[in-house]
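The following note sets out several points on the attached model for consideration by a computational chemist. It deals in turn with enclosed space, one residue in a loop, and one helix.

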Amino acid sequence: MKTVASLLLVLATLLVAPAPAATADDTWLPTTGPTFNNPMGGYKARTKVVRRVHAAIRHAPAGSTIRIATYNIDRNDTARLLLKAHRRGVHVQIVVNDNIIGKTIRGLQARLGGNRKSDSFLYICTSACRNGSRTGNLHMKVYSFSETGAAHAVVISSSSNLGYGAAAGQWNDALTVSGDDALFAAWTQVFEQLKRDRTAKPRHLEYSSETVGADFQRVRVARAATGDPQLQRLRRVDCAAPGGFGDGQGHSVVRVNMYAWYAGRGEALARELASMRAEGCDIAVVGSVVSGPVVRILQKAGIPVRIADWDWGEKLSTVGDEIVFGARCYSHLKYVTVDGTFRGAATHVVWTGSENWSPPGLSSDEVTFEVHDPAVVAAYDAQWQKMFASTRITHKPGIQPKSRPCA
């Protein structure tokens, strides 16, 4: 069986496919909507998310601006594409978290510079960028392009960082929105706040249109009990669904796919789901780092739970050089779908982004996109169903499997 180290080495040595430089008459268009990688597949399946970002970088023309805010970058192929874009005149602006600063980030900073007033730079935030109290992390993963190919105002929000491990050992998503100038302006405002690396005002910025909303979060921890945005979303689900929606018997259907779900905040969210189940909602869960108390709350309420974490053993911590014990192949997704009644209206909706259902989400820079589009929701539901139904992807709670389904 291949080791994680050998897999990462194989990925690291794969060459970026050559592509013509972006030109003023470039007719390429990005694929919008969601995509999902598959760490159990071959190279193309594992890198579906990162290749979507890479394609947009390749087609960014001179004079355009790439803005990236992410927890980590360690892919050499990503760095090469960004530097190539920079050399052809693209403004490359990157903000990253300070937990994992490796050779790739240092190399990009050396070439792009660290001056946030310049057209191009890489800046390393101290904890959460928009949090003056110096707690939390820059945890969102947003890759945006003022222009790429024939498209403009392109925003890609993902659960995935630009890392080899994200492709080789995680299930992730990426949602692409193109041509929404108001959304792009809201994101640009948030990016400007991120790069300042100080307390942001407003701390909580929201954008909404008829089909797409974005919640750029930095709530106060003191408000967690009443101001938790994830809890508020769940409370806006009505378990009575009209005809044509829900399970066909008058009940809203809720599907959860959540990476980190634990501690007091996680238990409060689990209790809310249990209450919804008692009210008649059809609820089922795929999780990854889910605590025992959370699982017990869900199962006691009759909510089915499957877990996507595999290949337990020693691994390098994501917060430093410490060796920890945990899963090395796991779901990193963070989304909820609702087919039924939400915010007082019959709808199909998904909310997805960077935020886990754990305490760090309330002190970190996070983003959650809310999409009311049946085709988009169907794609997320299909991903959930594939994971929930497959014993190669998920298992019963309470075990630590040593096998590794990831390729």
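1. Helices are DSSP runs of H or I with at least four residues, numbered from the N terminus. The model under discussion is a predicted one. In these terms, α3 (48–58) and α6 (164–169) each contribute at least two residues to the lining of the largest cavity.

2. How many cavities of 30 Å³ or more are there? The count comes to two. Rolling a probe the size of a water molecule over the atoms shows where empty space is left.

3. The largest cavity holds about 70 Å³ of space. Its lining consists of 13 residues, and V49, V50, S160, N161 and A166 are those nearest its centre. By character, the lining of the largest cavity comprises five nonpolar, six polar and two charged residues.

4. The second largest cavity holds about 30 Å³. Its lining is formed by Q230, M258, K334, Y335, W351, T352, G353, E355, W357 and T368. Strands β17 (334–342) and β18 (345–353) each supply at least two of these residues, and the largest share, three residues, comes from β18. The lining of the second largest cavity divides into four nonpolar, four polar and two charged residues.

5. Where does N97 lie? The residue is in the loop between β3 (91–96) and α5 (103–112). N97 counts as buried because its relative accessible area is 0%, where the cut-off for buried is under 20%.

6. The side chain of N97 makes a polar contact with the side chain of N137, at 3.5 Å. With neighbours within four places in sequence left aside, the residues in contact with N97 are T70, Y71, I124, C125, S127, N137 and L138. N137 thus appears both as the polar partner and in the list of contacts.

7. Helix α7 (residues 181–196) has 16 residues, which at 1.5 Å a residue should span 22 Å; the end C-alpha atoms are 23 Å apart, so the expected and computed values agree. The expected span is 1.5 Å times one less than the number of residues.

8. Which residues of α7 are buried? They are L183, F184, A186, W187, T188, V190, F191, Q193, L194 and K195. An α-helix has 3.6 residues a turn, so residues three or four places apart point the same way. The helix α7 is followed by D197, whose phi is positive, near 60°.

Methods. Residues numbered from 1 in each chain as written. Predicted model: local features only at pLDDT ≥ 70, side-chain atom pairs only at ≥ 80, totals over all residues. Heavy atoms only, no water. Buried < 20%, exposed > 50% of the residue type's maximum accessible area, 1.4 Å probe, protein only. Polar contact = N/O pair within 3.5 Å; in protein donor to acceptor, adjacent residues only side chain to side chain. Contact = heavy atoms within 4.5 Å. 1 Å grid on protein atoms, 1.4 Å probe; cavity = no way out; pocket = protein on both sides within 12 Å on 5 of 7 lines; lining within 4 Å. Points joined across faces, edges and corners; volume = space filled by probe spheres on them. Nonpolar A, V, L, I, M, F, W, Y, C, P; charged D, E, K, R; others polar.
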